[in-house]
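User: I am new to reading protein models, and I would like to learn how to look at a few features step by step. Could you take me through this one?

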Amino acid sequence: RRRHTSFTSDWSSDVCSSDLKEDGIFVAVAAGNSFGYFQTEGLSYPAASSYVVPVSAVGPTGQLASFSQRQDRALAAPGVNIKSTIPDHRGNADDIGNDWSYATGTSMASPYLAGISVLVREAMQFAGATHVSQHDIYTVLRDTADSVWDPITSQHYPRVNVEEALHSVMPKDDYGSDAATAFELGDISTHKAVSGWISHLNDQDHFTFLAGQ
């Protein structure tokens with residue numbers, strides 16, 4: 001089974017194993033939270049590795065977070081005030097695993113992107129794609145991303161757009177979506193079975209037919 005994962009790290013190295021990528025695993029890695037200090041493009045390790053997908057963080061307005069490291073290769077995803085589960089010892093320590101809290105950072109954005117990659121892989125496979133690689137998924141996410149302007153670096157950076165990514169790989173709508181493009185079923189005197197797929201959340205299918213006696 002293909003897996004999707006996200007990483008973050010404070011240590012540095014010149015290389016990153018390509019084993020995960022070669023196995024078809026999508027590896028999303030936190031870009032780093034030091035932009036406020038350096039005020040220039042750059043990625044922390046292992047996000048700087050060419051074998052992984054670096055992930056920057058955006059806030060509620062969709063703009064890059066002030067702390068988030070950024071670079072043209074990185075994809076941006078929500079990473080500010082993200083609610084998630086936390087270990088009991090960081091919560092109320094009542095020996096019940098039901099604790100939640102909010103956290104901010106590119107470490108919050110990377111699992112968000114890893115989750116999106118699962119949806120894109122499933123959509124691609126549903127459409128008939130086989131042997132889907134990390135590069136395949138990254139290309140879809142990159143090609144359908146929104147462009148975010150950063151006034152500090154005077155650069156545009158890609159912010160992932162889940163809806164556009166999924167729409168781009170799903171099969172074309174198999175039946176008409178309104179009365180004008182309704183699919184003609186012909187004459188029906190007894191019964192007729194029709195099958196297809198839901199191509200998007202607002203998908204509607206319209207049919208016309210002539211009822212026989």
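Analyst: What follows goes from the chain as a whole to a pair of helices, a pocket and two single residues. Please keep in mind throughout that this is a predicted model.

User: Let us begin with the overview: how many helices and strands are there in the chain?

Analyst: The chain holds five helices and ten strands, and of its 213 residues 36% count as buried. If you take the contacts between residues at least 6 apart in sequence, 59% of them join residues at least 24 apart.

User: How should I read two helices that pack together, and at what angle do the axes of helix H3 and helix H4 cross?

Analyst: In general, two packed helices are described by the angle between their axes and by the distance between those axes. Here the axes of helix H3, residues 106-126, and helix H4, residues 134-143, come within 10 Å and cross at roughly 100°. Since angles of 65 to 115 degrees count as roughly perpendicular, H3 and H4 are therefore roughly perpendicular to each other. On the H3 side the contact is made by Leu 113, Ile 116, Ser 117, Val 120, Arg 121 and Met 124, while H4 contributes Asp 136, Ile 137, Val 140 and Leu 141. Sorted by class, this contact has seven nonpolar, one polar and two charged residues.

User: And how is a pocket found, and which elements give two or more residues to the lining of the second largest pocket?

Analyst: The general idea is that rolling a probe the size of a water molecule over the atoms shows where empty space is left. In this model the second largest pocket has about 160 Å³ of space, and the elements that give two or more residues to its lining are strand E5 (82-85) and strand E6 (100-103). The lining includes Ile 82, Pro 87, Arg 90, Tyr 102 and Met 108, and its residues divide into six nonpolar, three polar and one charged.

User: Turning to single residues, is Thr 106 buried or exposed?

Analyst: Residues under 20% relative accessible area are called buried, so Thr 106, at 1%, is buried. Thr 106 lies in helix H3, and beyond its neighbours within four places in sequence, its contacts include Ala 30, Asn 33, Val 55, Phe 67 and Ser 68.

User: What does Leu 185 touch, not counting residues up to four places away in sequence?

Analyst: Leu 185 touches Lys 192, Val 194, Phe 207, Thr 208 and Phe 209 when those neighbours are not counted. Leu 185 is found in strand E9 and is buried, with a relative accessible area of 15%. Although Leu 185 and Thr 208 are 23 residues apart in sequence, their C-alpha atoms are 6.0 Å apart in space.

Technical notes: Residues numbered from 1 in each chain as written. Predicted model: local features only at pLDDT ≥ 70, side-chain atom pairs only at ≥ 80, totals over all residues. Heavy atoms only, no water. 1 Å grid on protein atoms, 1.4 Å probe; cavity = no way out; pocket = protein on both sides within 12 Å on 5 of 7 lines; lining within 4 Å. Points joined across faces, edges and corners; volume = space filled by probe spheres on them. Helix = DSSP H or I, 4+ residues; strand = E, 2+ residues; numbered from the N terminus. Nonpolar A, V, L, I, M, F, W, Y, C, P; charged D, E, K, R; others polar. Axes fitted to C-alpha atoms, helices over the stretch in contact; angles between N-to-C directions. Parallel < 35°, antiparallel > 145°, perpendicular 65-115°, else oblique. Contact = heavy atoms within 4.5 Å. Buried < 20%, exposed > 50% of the residue type's maximum accessible area, 1.4 Å probe, protein only.
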